[in-house]
Amino acid sequence: MSEHPRDAFDTVPAPEAEAAFLDALDRGRLHHAWLLTGAQGRGKATFAFRAARRLLGARPAPQRGPLGARPDDPVSRLVTAQSHPDLMVLERAIEGGKVKKSISVDQARELPEFFSMSPSVAAWRVAIVDAADDLNPNAANALLKILEEPPEKGVVFLVSHAPGRLLPTIRSRCRRLAFPAWTEDRLFDLVRDRLGATEEAARAAAAMAQGSPGQALALAGAAASELDQLARRWIAEGPRDAAETISLADSFRKGDGAQRFDMLFDRLRAAAREQAVAAGQGGVRWAELWSRLGELPDQVAGLNLDRGEALAVAVSEIERARRQSGRAAA
């Protein structure tokens, strides 16, 4: 299981972004809202927690990067324990063991009350919205009110994997920091140094991760490599072995099943995307499959869809994409 961004002290997602933030802070020109953009897994939430710890007064640890903080600092401990009075994290709620599909308006309405109060123990009050893409329309409008009337000594970090989906009025009131893809060499170093992985495993994870440090760390294990190979085989040849599919569905209901499920669908999407790019103008069916494979995990998280049922739907969608692509090519 990969670490939560609030617990990540040694990953420096984007040194340039950290330098820009520190420059604004040091010059007394800190913007009240920061829009953190880039593909999922590039460290946007990790940056938000690193910046939050700095604003909340954690002692710096320069060896851990520009915004590095000491893990044993009291501020760091409070953030890790999710109990710092001047930090609010807005994310999809969990009800009945299921992650809700969106961030509700009731959750977003907690922001004005939070920012209406002066900082309790720090110099700032900080809110992290992870991710702003998950805000439902009413929640987005509630957030907009905060951005329109910036709180004194308050800072909001908005994590966004797809900023184009946000309200233009939200985007226009934020300072944007982009998180670019990591190079394979940098990902290799991360996996090798952080996990002590073999060179072969580190190289494989770096190649599969598509520029994402979070994905590289998650993919470094043997199980991830096996799931990547399975996903590529399914996209190339089709999931023809019913016994294999049934066994896989059963594994999703045990132990680390949720993590394996998410990892498989991530690798299926990556393989479908590669197929779409390789097919050029004829890749529309694969692009549609890529989109559908992204929807299914959300339905599992937000609805009562069983992971095994979702896998069965994915198998059907893959077979359909292969048939339609074959007819289009003929």
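Where is Asp86 found? I looked this up to open the notebook, and I kept in mind throughout that the model is predicted.

**Entry: Asp86**

I found Asp86 in the loop between α3 (74–80) and β2 (87–90). Is Asp86 buried or exposed? Its relative accessibility is 0%, and buried means under 20%, so Asp86 counts as buried. Next I looked for a polar partner of the Asp86 side chain. One of its polar atoms lies 3.0 Å from the backbone nitrogen of Ala122. I then listed the contacts of Asp86, leaving aside neighbours within four places in sequence. Among them are Leu56, Phe114, Trp124 and Arg125, along with Ser118, Pro119, Ser120 and Val121.

**Entry: strand β6**

How many residues of β6 are buried? I got 7 of the 7, so the strand is largely enclosed by the rest of the structure. I recalled that side chains in a regular strand alternate between the two faces of the sheet. In β6, I saw Gly154, Val156, Leu158 and Ser160 point one way, while Val155, Phe157 and Val159 point the other way.

Which way do the partner strands run? Strand β1 (residues 33–37) pairs with β6 in the parallel sense over 5 bridges. Strand β5 (residues 125–130) also runs parallel to β6, and 6 bridges join the two. I used Val156 as a handy marker: Ala33 stands opposite Val156, and Ala127 stands opposite Val156 too.

**Entry: aromatic pairs**

I counted 8 aromatic pairs. Phe47 and Phe157 make one that is edge-to-face, with 6.3 Å from centre to centre and 80° between the planes. This pair links distant parts of the chain, since Phe47 is in helix α2 (residues 44–55) and Phe157 is in strand β6 (residues 154–160), 110 residues apart. Both Phe47 and Phe157 are buried.

Why is the pair of Phe252 and Phe261 edge-to-face? The ring centres are 5.4 Å apart and the planes stand at 90°, and an angle over 60 degrees counts as edge-to-face, so the pair fits that class. I checked accessibility for each partner as well: Phe252 counts as buried at 1%, and Phe261 is buried with a relative accessible area of 1%.

I also followed the ring pairs from one residue to the next. They link Phe21, Trp34, Phe47, Phe157 and Phe179 into a cluster.

**Entry: charges over rings**

Two cases went into the notebook here. I noted Arg53 over the face of Phe9, at 4.1 Å from the ring centre. I also noted the charged end of Lys153 over the ring of Trp124, 4.3 Å from its centre. Trp124 was already on my list of Asp86 contacts.

**Entry: nonpolar cores**

Which residues touch the most other members of the largest nonpolar core? Of its 44 residues, I found these to be Val191, Trp234, Ile235, Leu248, Leu264, Leu268 and Leu289. Helices that each supply at least two residues of this core include α8 (184–195), α11 (222–237), α13 (257–279) and α15 (307–329). The helix that gives the most is α13, with 8 residues.

I picked Leu289 for a closer look. Leaving aside neighbours within four places in sequence, Leu289 is in contact with Ile235, Ala272, Glu317, Ile318 and Ala321.

My last find was a second, separate core of 32 residues, which includes Leu36, Leu56, Val79 and Trp124. Leu56 and Trp124 had both turned up earlier as contacts of Asp86.

Technical notes:
Residues are numbered from 1 along each chain as its sequence is written. This is a predicted model: local features need pLDDT of at least 70, side-chain atom pairs count only at pLDDT 80 or more; totals for chains, interfaces and linings use all residues. Side-chain values use heavy atoms; hydrogens and water are left out. Rings of Phe, Tyr and Trp (its six-membered ring) pair if their centres lie within 6.5 Å; planes under 30 degrees apart count as stacked, over 60 as edge-to-face and the rest as tilted. Helices (H or I, at least four residues) and strands (E, at least two) are DSSP runs, numbered from the N terminus. Buried means under 20% relative accessible area, exposed over 50%, partly exposed in between (1.4 Å probe, protein chains only). A charge sits over a ring if NZ of Lys or CZ of Arg is within 6 Å of the ring centre and within 35 degrees of the ring normal. A nonpolar core is a set of buried Ala, Val, Leu, Ile, Met, Phe, Trp, Tyr and Cys residues joined through side-chain atoms within 4.5 Å. Contact means heavy atoms within 4.5 Å. A polar contact is a pair of N or O atoms within 3.5 Å; within protein, one must be able to donate a hydrogen and the other to accept it, and residues adjacent in sequence count only if both atoms are side-chain atoms. Two strands pair if DSSP finds at least two bridges between them.
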